[in-house]
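Me: Hi! Could you walk me through this structure?

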Amino acid sequence: IGSVAEYPDLVTVVPLNSGSQPLQQGTTNQAIISFTMNVDRSDALWRRLIVRATGTAVGDGLVTDEINGINLYRDANSNYNLDAADVFVGSAVFNTGGGFQLAKIEFGASTSAVQRILSAPSRYLLTLDINDTAVPTDPVTGDPRTLGLILETESFPQLQNGIDEPLADSISETALPNKRPEPFTFVSALHTLDARTSELTD
């Protein structure tokens, strides 16, 4: 009985900014990065993502003072905006990805949670939930404080040994390892922080 070896795919990630709007205190699901993923020939399973925070607001490493959480959605209608058609994939808080400025989004082990990446690009959105007490300006200089996200090669950890290990490989492996994305670093637009508007009542 013969066997057919699964093709080792090259995974391609193409990120771009999802606007440059200010981020208001207490708001949720503020879209920061839109990106596509696809493989060159067959398919691959995608299980987790590690995202890095950047900007002057997180220079001290205390990301959770400014950001309550980060969310990943599949942009089902590929319109670059978060809406009712989009599918929630996973969420995380910062300081969980091996460093103060890192967040590890685990998708779960079920077939409905793990993302199957095909040759046709799938689009995803990264959104932020902003803390009610995020500080808009530097208390010393008065300069606006900024927030952004970084996607990079290390966002897709993989132990490339030809053995698919779900706990170690964010992208599945074949006997000939699927290749994680070529080395890249994408820094999103830096968003300023806005104070929540309040209504005065008589």
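Below we chat about a strand, a residue and a pocket.

Me: What kind of model is this, and how are residues numbered?

Reply: It is a predicted model, where local features need pLDDT of at least 70, side-chain atom pairs count only at pLDDT 80 or more, and totals for chains, interfaces and linings use all residues. Residues are numbered from 1 along each chain as its sequence is written, and side-chain values use heavy atoms, with hydrogens and water left out.

Me: Cool. How many residues of strand β10 are buried?

Reply: Nine of the nine residues in β10 (122-130) are buried, meaning under 20% relative accessible area with a 1.4 Å probe, protein chains only. Strands here are DSSP runs of E, at least two residues, numbered from the N terminus.

Me: And which residues point which way from β10?

Reply: S122, Y124, L126, L128 and I130 point one way, while R123, L125, T127 and D129 point the other. In a regular strand, side chains alternate between the two faces of the sheet.

Me: Which strands pair with β10?

Reply: Strand β3 (residues 30-39) runs antiparallel to β10, joined by seven bridges, and F35 sits opposite Y124. Strand β6 (residues 67-74) is also antiparallel to β10 over seven bridges, with I67 partnering I130. Pairing takes at least two DSSP bridges between two strands.

Me: New topic: is T146 buried or exposed?

Reply: T146 is buried, at 12% relative accessible area. T146 belongs to strand β11 (residues 146-152).

Me: What does T146 touch?

Reply: Leaving out residues up to four places away in sequence, T146 touches T54, G55, T56, A57, L190, H191 and T192. Contact means heavy atoms within 4.5 Å.

How values were computed:
Helix = DSSP H or I, 4+ residues; strand = E, 2+ residues; numbered from the N terminus. Buried < 20%, exposed > 50% of the residue type's maximum accessible area, 1.4 Å probe, protein only.
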